[in-house]
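Hi everyone, thanks for coming. Let me bring the model up on the screen, and then we can walk through a few places in it together.

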Amino acid sequence: MVLNPVISKLAGKLVVLASASPRRQEILRNAGLRFEVVPSWFKETLDKGLFKAPHEYAVETAKQKALEVARRMPFKHLKTPDIVIGADTIVAVNNMILEKPVDKQDAYRMLSSLSGKEHSVFTGVAIVLCHDKDNQEVDYQMMAFYEETKVKFADLSEDMLWEYINSGEPMDKAGGYGIQALGGMLVEYVHGDFLNVVGFPLNHFCKQLDFIYNHSSSFAVEKKGSAHPLPNGSLGTSILDQHGLQKSYEAEKHRSPDSSSPKLTQHIQNTSTNSPAHKVKRTSYESGVGSRSRVSNSSKHNDGESCRITPLNRRQETEQSGTENQPQTQDLKRICELMDGFKASKALFTASRFCVFDLLHNKPGLDAAQVAEEIKASVKGTECLLEACVSLGLLKIKDKAHPKSLFENTELATSFLRSEAPFSLHGYIQHCSETLWPLYSHLESAVKEGVSQHQRVKRQKELCQDSVCSSQELKLRFMNGMHSFAKITASAVATAFDLSRFKTACDLGGCTGAMAYELVKAHPGMSVTVFDLPAVVEMREHFLDHNADNKVSFVAGDFLEDELPKADLYILARVLHDLTDEKLHILLSKIAQTASPGCGLLLSEIFLDEDRGGPSRGLLQALSLSEGKQRSASEYKLLLERHGFITAHIRHTGHLLDVMLSVKA
Ligand SMILES: O=c1[nH]cc([C@@H]2O[C@H](COP(=O)(O)OP(=O)(O)OP(=O)(O)O)[C@@H](O)[C@H]2O)c(=O)[nH]1
């Protein structure tokens, strides 16, 4: 591809990003890089006093992050990556290095020290190339560099500071701000690479890759498995200066006896007895990390080094995963992900059910025992649950230097998993857990019989715990689920088209009114009637949005039997896929009879690809074997045309639902 000649050099290689930062992942993913994420366990506790300049600290931390993962993967993940990328972002102001704030007071201290001033943001990046060797060893070559960007903050009032801190945004960001989000409002100017501030200097990184893959003879960049001696003998170390010029000097040999790290030796023994890869001979593990002298060797923007440090024999496994008769590691991983998918879902459901994300939002930094006490669960079980959530990117460890693991929400959890978040999925997650999970547990029967297992689940529930739930509670639970999903999707649907010419709309089966509220927000001239069953409408006070109240009204009725309200635009959001053909035609005929020529019909569903090859969300939804069916855009278009609605536009929003706007001929 013309745009990414360097990134494409990495295609087919096992690239690992040694970072939990969602921003780094996004920047690299957007650049077209395919990689695995293995967050580094390196604790960011290097003594800052030992570094002459702030960027040296960032570079060294980035190196240690990357090296830790490069060394761990062969025996923990049973595979040797081709390339590991580590990064560390810091803010430097008034001779101080600012990392991520540990609490609100710390964020306040950081942000007030930045107010009205220019500061520097440094991101150190380390690229470790790993090579399996014939003689039971892995060679590592390292290149590291940094990028500096200057940022000037406006004067920040106390109110502004605290409002920003209370938004929760500063907590996992270097210097206590996120320039890409609310923090952007604090910034007067940026000199240099913006993405460097966000956490990854993409441009500089590509230049380094270009250097490694296109211009350097000293980096062994052949395909993994072809052992390649390093330039000055197998233990050579090379340093690249800021212009990418290579200097050679005597190697520092990173090899240690078995006794060097009792903890790691223990890991190796465990792995070799428990794992299918036990046949792989593991002799010893090197525990030392780059020495301090390395730090002073880093040149202004780059340094590169290579070292053979870990005598692990990864050869057998590499050969196995590469032969024609054996599945590729990536394929196995994909299957394992599918097999484990249910465990991940269940971990999310359980954490959500125990309101762990609410708890850690209000009290970030609790350890497992404290969380266990709050949620009234066992310490052992809670610890497993919290650790699983960390591995899924829902939680993170607050202070890696702390002897106990202290947990806090990731951005993802803060945005979507807290029950009070504006776009909370909490209700929908509970719906998935309590309604869909039991339904899909009977998938075998559903497939055999070709019908939904809803009745079976209902009977089972009546026999056990849910019989204690009143029907009101069950209804509210269901509506919460629908409301939470609708809130997430409503904005994309409401703004998919210019609907300003429609002054009145009727949302058929509009449930809690989430879509209606979003429509009146997006189209100020519009008022919307929500039409739904009496049992649903009577619950509306639980979901009222008082800001838009006088523009949204509710009418109780059955859209298959009762007269429909008159409107310029009818909305059918996630309704049709659940109806039998017969009901669907009744409904569409009723709308066609009520609508005048020129009236609109806004349909929102998951549109299947025309070849029904995806998206899997739609096809998996079809597995509930409800009365209805999933359709492609052209199938919906045909249906509507049969009832006199000519399709004007189809929009694949790229969001959770697609949208079609048709007009009554
Ligand atoms: O404007 C912004 N500035 C910084 C950030 C984010 O801040 C963190 C910096 O922390 P660090 O480099 O230590 O990286 P971690 O998040 O701890 O992940 P690792 O696993 O790599 O240690 C980084 O996430 C930046 O993206 C920002 O978002 N905006």
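Before we look at the ligand, one definition: a residue is near a molecule if its C-beta atom, placed from the backbone, lies within 6 Å of it. Please keep in mind that this is a predicted model, where local features need pLDDT of at least 70, side-chain atom pairs count only at pLDDT 80 or more, and totals for chains, interfaces and linings use all residues. Residues are numbered from 1 along each chain as its sequence is written.

So, which residues are closest to the ligand? They are Ser19, Ser21, Arg23, Ile179 and Gly199, out of 24 that surround the ligand. Two or more residues of that shell come from each of α1 (22-30), β3 (83-93) and α5 (194-198). Helices (H or I, at least four residues) and strands (E, at least two) are DSSP runs, numbered from the N terminus. The largest share, three residues, belongs to β3. By type, the shell has eight nonpolar, eight polar and eight charged residues. Here Ala, Val, Leu, Ile, Met, Phe, Trp, Tyr, Cys and Pro count as nonpolar, Asp, Glu, Lys and Arg as charged, and the others, Gly among them, as polar.

Next, a helix pair. The axes of α12 (residues 368-375) and α13 (residues 379-391) come within 8 Å and cross at roughly 110°. Axes are lines fitted to C-alpha atoms, for helices over the stretch in contact, and angles run from 0 to 180 degrees between N-to-C directions. The two helices are therefore roughly perpendicular, the word for 65 to 115 degrees, while under 35 is roughly parallel, over 145 roughly antiparallel and the rest oblique. On the α12 side, Ala368, Ala369, Val371, Ala372 and Ile375 make the contact, and on the α13 side Val379, Thr382, Glu383 and Leu386 do. Contact means C-beta atoms, placed from the backbone, within 7 Å. Seven of these residues are nonpolar, one is polar and one is charged.

Now to the loop between α11 (356-362) and α12, where we find glycine 365. Leaving out residues up to four places away in sequence, glycine 365 touches Lys398, Leu406 and Glu408. The C-alpha atoms of glycine 365 and glutamate 408 are 5.4 Å apart, although 43 residues separate the two along the chain.

Last stop: α18 (residues 471-494) and α19 (residues 514-522) pack at about 30°, with axes 8 Å apart. That makes α18 roughly parallel to α19.

How values were computed
Two residues are in contact if their C-beta atoms, placed from the backbone, lie within 7 Å.
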